[in-house]
Amino acid sequence: METRKSNTLAQQGAPKGKVGFFWIVPNRPGEDAILGDGIELTNAEPYGEALTHPGGHYEFWENMKARGPAWLRARNVSGALLSTEYEDWPRGRVNFFPKTNRFLLLADPRIMTTSRINLVRAMFELGDLDVDIDCDGHYRPVPSDISAIR
């Protein structure tokens with residue numbers, strides 16, 4: 001029943017674009033890359049007034065670790081991720097609000113650069129759509145020895 005609601009909302013003029021979660025991680029040469037999962041609005045689930053991806057960072061990260069280095073190499077992402085935790089890397093989430101017809105990017109403050117926001121826009125197919133962007137305390141880095149290099 002909830003899926004039908006998001007399908008109906010998407011059919012009533014919702015913009016193109018996806019919702020989901022992500023991290024900014026190093027690719028194999030050590031440059032910024034984006035890793036995560038995005039889904040069409042028609043597959044999103046209601047969460048309060050928003051449409052969101054039903055999955056989360058922790059589950060995705062554990063599945064990634066189980067898939068191993070070959071899975072990461074196929075995505076040109078550094079295998080060094082396998083020895084880290086999901087909270088070690090800058091992360092965030094993109095939601096959609098049907099009432100305002102706008103997307104919301106909530107993210108770690110380390111993502112708030114033009115180049116990193118452009119990676120998010122590309123992954124979630126946001127193009128020139130209006131996107132509200134905000135830092136979220138939920139996505140603050142966990143103190144660790146490796147956080148200083150991100």
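**Note on cavity, pocket and local folds**

1. The model holds 1 cavity of 30 Å³ or more. A cavity here is a set of points, on a 1 Å grid over the protein atoms alone, where a 1.4 Å probe fits but cannot get out. About 30 Å³ of space lies in the largest cavity, a volume being the space filled by probe spheres set on the points, with grid points joined across faces, edges and corners.

2. On the source: this is a predicted model, in which local features need pLDDT of at least 70, side-chain atom pairs count only at pLDDT 80 or more, and totals for chains, interfaces and linings use all residues. Residues are numbered from 1 along each chain as its sequence is written, and side-chain values use heavy atoms, with hydrogens and water left out.

3. Which residues line the largest cavity? They are Leu 105, Ile 117, Val 120, Arg 121, Leu 126, Val 131 and Ile 133, where lining residues have an atom within 4 Å of a point. H4 and S7 are the elements that give two or more residues to this lining, and the largest share, 3 residues, comes from H4. Helices (H or I, at least four residues) and strands (E, at least two) are DSSP runs, numbered from the N terminus.

4. Helix H4 (residues 114-123) joins S6 and S7 in a right-handed β-α-β unit. Right-handed means that, with the strands pointing away from the viewer, the path from the first strand over the helix to the second runs clockwise. Strands S6 (residues 102-107) and S7 (residues 131-135) pair in the parallel sense over 5 bridges; pairing requires that DSSP finds at least two bridges between the strands. Ala 107 stands opposite Cys 135 in S7.

5. The largest pocket contains about 150 Å³ of space. A pocket is an open set of points with protein on both sides within 12 Å along at least five of seven lines. Its lining includes Tyr 47, His 53, Arg 93, Phe 97 and Leu 104. S5 and S6 each supply at least two lining residues, and S5 gives the largest share, 3 residues.

6. In helix H2 (residues 57-67), the buried residues (under 20% relative accessible area, 1.4 Å probe, protein chains only) are His 57, Phe 60, Trp 61 and Met 64. Seen down the axis of H2, they fall within an arc of 100°, so they line one face of the helix; the arc is that of the directions from the helix axis to the C-beta atoms. Gly 68, with a positive phi near 85°, follows H2.

Methods
Buried means under 20% relative accessible area, exposed over 50%, partly exposed in between (1.4 Å probe, protein chains only).
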